[in-house]
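Work through the exercises below with the structure open beside you, and try each task before you read its solution.

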Amino acid sequence: MTLPLPMLIVTIVVIGTIAFALIAVRRLGNDPAQFIVGGRSFGVILLWVLMGGELYTTFTFLGIAGWVYGRGAEIYYVLAVGGAAYIVAYLYLPRLWRFAKERELLTFADFFAARYGSKAFGAVTALMSTFTESLALLVYLTGLQILLGIAGMGEIDATHAVLIAFGLITLFVFTAGLRGMAWASIVKDALMIGAVAVVGFVLPIAFFGSPAAMLAHAIAARPHAFTIGAWTAGNGKLWYISTAMLNAIAFFAGVNAVAATYAAKSEETVRRNAMLLPLYSLMIVPLFFAGYTASLVLPGLHGTQSDSAYLRVLQAHFPLWLLGLICAAGTLAGLLPSATRLLASASQLMKNVMDDIFGVAKEGAAQTWVTRVFIVLVASIALSLWVFLKASLVDLLLFVYNGQAQSMPGILLGLFWKRVTLVPIASGLLAGEAAALGLTMHPLPLAGLNAGFVALMLNTAVVVFLTFALRARLPKAQMPDWGLRKA
Amino acid sequence: LNGVLRIALIAVPLVALLIVPAFIGGTQPRLLGLPPILWWILLWVVLSPVCLLGVERMREE
């Protein structure tokens, strides 16, 4: 069987990237801190590509252009969040890093176990966040299927291609740990910048002469798509504001983002990284252009087809090697964040469930090997789930984001408010997750507000109320000191 | 005064990115061919690292 040219290029690029990273990492050893958080040694560049690589995924690559293609200006929240989220990160990530460094934390759930003094709560957050991360994996797998379907030119079974690609990346993270992911992200970023420049500038230049001329056409065709709708309309003003705020607050709520923060070598690195990351989000702008160009050149696509609209334009009008390189960039953008999620999820099943609860894998190489076993296990479960229930991923994605965001009061209030303790945080989390799940399954109008934002407000309100209510009964002398120094 | 300025350098870009775009409508004036809402957000994404740099400088002093 011969591979179509674009698929051949994707294969070469993915294998080449993995080989490059394996050579860069060389001998990793079996120290769990090396494997899970890169030995807390990453400087600004490695951290920048790792965090950028984790946060811009196949959703960025396909979903944004797809939204622009079919809908309106509300999608600009993604770009706005790309600036605002890092201001929020600048305020709290350095403190999170210091808290983790002083206690040698390895995982997302470690933070909850340490801050709220309960290994059981750590285990619960580990299981809950692993569950939402697995759902996130399903979304990436579907994105990969779209990309590999296009790269296969209809001659290759995309489901098989996804299984092979995901198997490869699982083996890669199994071998190379977080450090391997960071090195691979360097290749991915170089390729992404090139790919985004091509789809965002070459496409409009080829069809309209310049991006500005293309935009003039797009504005003339759909002038209403450049203004956000009325106050309480679906996707209106309140929706924009609440969605942008939710995403800015919860941008680093994923277990992999927290692990990446731990991997920094100093507080200074975390701060400088937060200052530089907005530049990464400038990559979103050309994807807007690609979506508008596709909506003018190839109108009339619906649903998931609109996500791949600009790839279809490329496929029809440009050399196949170019399509191959762009699909390769998108494939890496799907695979690498999946791998860091696998690693972060597996490490908390090891640390916060096996070690803390069952006393298995107490230290050293055993911890690394148990993490590796869980990497394979979580990957297999996610793949099997995906093969059987591919449908209705939009709802799933909504729940994933809204559900992940509910851990933020535990992190933010935990870092800045000494008085907050286990019972209020756990109750708030429960209320928030219940509301997020309920509102995903039974959407209410909520005056146009984002459901995840409403759940987060409820969550925070429960925490604040219970903290004040319980404090009346807890003498001040008994308040534990968490050792949070002033910034 | 230093404290006020630091808070402003953090609050202004947040408001400019998270709230103001909801109220920017229409298709004029354009900048580099971009519609108003898009160039406004883009401007503040570029300005936000500059604001953080200012905060960082003041923190060091």
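**Exercise 1.** Find how many cavities of 30 Å³ or more the structure holds, and describe which residues line the largest cavity.

*Solution.* In this predicted model, the structure holds 6 cavities of 30 Å³ or more, and the volume of the largest cavity is about 120 Å³. As a next step, look at its lining, which includes Phe108(A), Met128(A), Ala253(A), Gly403(A) and Leu429(A). The elements that each give two or more residues to this lining are α7 (119-151), α18 (393-405) and α20 (422-441) of chain A, and the largest share, 5 residues, comes from α7(A). Finally, sort the lining by class, which gives 4 nonpolar, 6 polar and 2 charged residues.

**Exercise 2.** Decide whether Arg40(A) is buried or exposed, and do likewise for Glu104(A), after locating each residue and reading its phi.

*Solution.* Begin with the general expectation that most residues other than glycine have a negative phi. Arg40(A), which is not a glycine, has a positive phi near 45°, and its place is in the loop between α2 (32-37) and α3 (44-55) of chain A. Because its relative accessibility is 14%, and buried means under 20%, Arg40(A) counts as buried.

Now turn to Glu104(A), another residue that is not a glycine, whose phi is positive at about 50°. Glu104(A) lies in the loop between α5 (77-103) and α6 (108-115) of chain A. Its relative accessibility is 63%, and exposed means over 50%, so Glu104(A) counts as exposed.

Definitions and conventions:
Residues are numbered from 1 along each chain as its sequence is written. Chains are lettered from A and ligands numbered from 1 in the order in which they are written. This is a predicted model: local features need pLDDT of at least 70, side-chain atom pairs count only at pLDDT 80 or more; totals for chains, interfaces and linings use all residues. Side-chain values use heavy atoms; hydrogens and water are left out. Helices (H or I, at least four residues) and strands (E, at least two) are DSSP runs, numbered from the N terminus. Buried means under 20% relative accessible area, exposed over 50%, partly exposed in between (1.4 Å probe, protein chains only). On a 1 Å grid over the protein atoms alone, a cavity is a set of points where a 1.4 Å probe fits but cannot get out, and a pocket is an open set with protein on both sides within 12 Å along at least five of seven lines; lining residues have an atom within 4 Å of a point. Grid points are joined across faces, edges and corners, and a volume is the space filled by probe spheres set on the points. Ala, Val, Leu, Ile, Met, Phe, Trp, Tyr, Cys and Pro count as nonpolar, Asp, Glu, Lys and Arg as charged, and the others, Gly among them, as polar.
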